[in-house]
Amino acid sequence: MIWTVYLSGEIHTDWREQIQAGAEAAGLPVEFTAPVTHHESSDAAGDMLGKPDVPFWRDHQSAKVNGIRTKTLLEQCDVAVIRFGDKYKQWNAAFDAGYCAAMGTPYITLHDEDIIHPLKEVDAAAMAWAQTPEQVVEVLKYVTSAR
């Protein structure tokens with residue numbers, strides 16, 4: 001079985017690349033999917049439908065277009081990894097975690113110890129909490145191949 005792992009959340013560091021490289025080095029039977037991680041492209045996802053004058057409606061339109069990808073890939077994944085960084089509030093990542101919880105899709109949270117408290121409900125529904133990409137790879141190694 002090839003496992004599909006959706007990598008959600010923070011877009012300002014290379015955590016996705018670290019997990020992908022670790023999984024490849026370990027020879028894990030996984031494929032990765034993710035949201036659009038180029039910030040400007042994501043913000044402009046709905047602009048092809050016309051750019052509204054009011055920022056709320058531009059964000060709303062782009063969120064819906066981005067949602068097509070996010071919803072589809074989350075529904076198709078076997079497990080999600082949801083990264084919360086320290087620089088920004090990742091409301092979209094929290095939303096993805098809630099969506100996974102509602103669907104019964106297992107997810108792993110990835111964040112530092114200093115934000116345990118604000119993420120207590122998100123972590124409570126997670127199947128694992130990791131603090132490093134290497135820990136995520138170890139969890140994936142175990143669940144995909146029992147090694």
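Reader: What makes strands β4 and β5 a pair?
Author: DSSP has to find at least two bridges between two strands. β4 (residues 107-110) and β5 have three, in the parallel sense, so they count as paired. Ile108 stands opposite Ala128 in β5. Strands here are DSSP E runs of at least two residues, helices H or I runs of at least four, numbered from the N terminus.

This is a predicted model: local features need pLDDT of at least 70, side-chain atom pairs 80 or more, while totals for chains, interfaces and linings use all residues. Residues are numbered from 1 along each chain as its sequence is written, and side-chain values use heavy atoms, without hydrogens or water.

Reader: Why are β2 and β5 at the edges?
Author: The open sheet runs β2-β1-β3-β4-β5. β2 (30-33) and β5 (128-130) each have a single partner strand, so one side of each lacks a neighbour in the sheet.

Reader: Why are α3 and α4 called oblique?
Author: Their axes (lines fitted to C-alpha atoms over the stretch in contact, with angles from 0 to 180 degrees between N-to-C directions) cross at roughly 45°. Under 35 degrees would be roughly parallel, 65 to 115 roughly perpendicular and over 145 roughly antiparallel; the rest is oblique. So 45° makes this pair oblique.

Reader: Which residues make that contact?
Author: Contact means heavy atoms within 4.5 Å. Among them are Leu74 of α3 and Tyr99 of α4.

Reader: How do you know what α4 does against β3?
Author: α4 runs at about 155° to β3, which is over 145, so that's roughly antiparallel.
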